[in-house]
Amino acid sequence: MLIEIGLKTSKREILIDITNLINDEIKKSKISSGISLVYTPHTTSAITINENADPDVCTDILKGLKDISPVKSSYLHGEGNSDAHIKASLFGMSQMIIIEEGRLKLGTWQGIYFCEFDGPRNRKIWLKIIKD
Amino acid sequence: MLIEIGLKTSKREILIDITNLINDEIKKSKISSGISLVYTPHTTSAITINENADPDVCTDILKGLKDISPVKSSYLHGEGNSDAHIKASLFGMSQMIIIEEGRLKLGTWQGIYFCEFDGPRNRKIWLKIIKD
Amino acid sequence: MLIEIGLKTSKREILIDITNLINDEIKKSKISSGISLVYTPHTTSAITINENADPDVCTDILKGLKDISPVKSSYLHGEGNSDAHIKASLFGMSQMIIIEEGRLKLGTWQGIYFCEFDGPRNRKIWLKIIKD
C-alpha cells in the first residue's frame, strides 16, 4: 500500500514531527504487522528519527548540522543549496519503522521527523507499507 | 517476526559488534530468505555496518565522529548530549540486511554495529524479519 | 529475488549514477509492486539518493564530505582510509526505494548513486526485491 502525504515547510531549515501523520495512515490501512518505509522524494530534505520530548533537541540538531555542512562560496552548483543536498544524504531519504498491533512501534522517546534543508516549500512524503 | 535483544554498553561512546547476536536470531527464526531490519529504539544510539577485521577502524570512527559532532556549550538541550543525538541521526537508527540461505548476507569485511553515543546504558535492539 | 551487479570505479572518490542499472533489473524481475533494497557489500562505499540533474551537485557533495571527514594522520588504522570508512557510515550502506508499476518510484530530481570513497576498485551492488 502506497500513500502520499502533503506538507508545507515554513523556513529554510526545520524539523517537523510527522509521527501522528504517519500513525494515522497506518491505522487507516488496517495492516496490523509489517514494516513502513517513510520516504521523501525531494533532494534537499530528509527523514530522521530522534527525540520527541524536548524541542530544544531539534534546534540543536539544525545548529549542529549547519556547522557540519555549512553554506560555502566554493560550491559549484548554481542554486547555492549544495549544503542542503549534503545534509539530505547525511540524514537519509527514508526511515524504516516496524508496525505492530496496527501502529508504529517506536522507542519511548522517538518521533519521526521530516527535515527541510532548503525551504520554505511544498513537500510530499511517500509512505509504503509492507505486510508480514 | 519481531525479536528484542538486550545489550549493555560500558562507555559513553562505543561500537559493539552485534553480527553474531543477529545471525543467531535469524537462524532460530528458520526463515531462509528475506530482509532483516535491525533497529535501535533509543535516540542517542545508532546501527551501522562497517569493517569487522581491524578494531582500529571502530576507534577511528568514534574519533572522527567526535570531530564531526563535538560537544558544544552553545547547545540548548539541558541533558548536554545534543552531540549524541546528532551522531544518532547521522549514522541512522536502523540497517536493512539481506537474508539468504537462513543467514545474514554481508560483505566479506562487513559487521553490524550497535553504536552508543551517550552511555553507559542498558539498551535494546529490535529485529524485524520480513520473509520473501 | 536477489541480483548482483558489478561496477568499476575510476577514482578514489566518485559518485556513479546507478538509477538505470537498477531500473533495468526491476523491469527484468517482472515485479510490479514492492520495495527494493540497494546494498553495497563494501566498507568504504555507500549508496545514496540525490539530485540527478546538475552534475555539479555530485562534485559539491564529494567536496563537502572531504571537509566533513578529512584524511587524518592521527587515525590508527594502517590502511590510511579511515576517512572513507566514516563517509560510508555517514551516507549508509543501503537505500530502500518503492517499486510501483514495475519500476522505481523516485522523485522528479532523484537519482540513485553508488558512492566510492577509496577507489579505484572493482565493486558489487546487491539488489534485493521484496514483493507486496
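Author: Contact means heavy atoms within 4.5 Å. The model discussed here is predicted.

Reader: Why do the copies, chain A and chain C, meet through different surfaces?
Author: The interface residues of chain C can be checked against those of chain A. Few positions serve in both chains, so the copies meet through different surfaces: the shared part of the interface residues of chain C is only 15%.

Reader: What kind of axis relates the two copies?
Author: Chain C can be laid on chain A with an RMSD of 0.0 Å. The operation is a turn of 120 degrees with a shift of 0.0 Å along the axis. The copies are therefore related as by a three-fold rotation axis.

Reader: Which C-alpha of chain C is nearest the axis?
Author: The axis in question is the one for the turn of 120 degrees that lays chain C on chain A. At 3.3 Å from that axis, the nearest C-alpha in chain C is that of Leu90(C).

Reader: In what pattern do the helices and strands of chain A follow along the sequence?
Author: Chain A has 3 helices and 8 strands. Read along the sequence, they give β-β-α-β-β-α-α-β-β-β-β.

Reader: What is the radius of gyration of chain A, and why is the chain called as compact as a globular protein of that length?
Author: For 132 residues the globule rule gives 14 Å. The value for chain A is close to this, so chain A is as compact as a globular protein of that length; its radius of gyration is 15 Å.

Reader: How far apart lie the centres of the positive and negative side chains in chain A?
Author: Chain A carries 17 positive and 17 negative side chains. The distance between the centres of the two sets is 5 Å.

Definitions and conventions:
Residues are numbered from 1 along each chain as its sequence is written. Chains are lettered from A and ligands numbered from 1 in the order in which they are written. This is a predicted model: local features need pLDDT of at least 70, side-chain atom pairs count only at pLDDT 80 or more; totals for chains, interfaces and linings use all residues. Side-chain values use heavy atoms; hydrogens and water are left out. Copies are superposed by least squares on the C-alpha atoms of residues with pLDDT of at least 70 in both. Helices (H or I, at least four residues) and strands (E, at least two) are DSSP runs, numbered from the N terminus. The radius of gyration is taken over C-alpha atoms; the globule rule is 2.2 Å times the number of residues to the power 0.38. Lys and Arg count as positive and Asp and Glu as negative; His and the chain ends are not counted. The place of a charge is taken as NZ of Lys, CZ of Arg, CG of Asp or CD of Glu.
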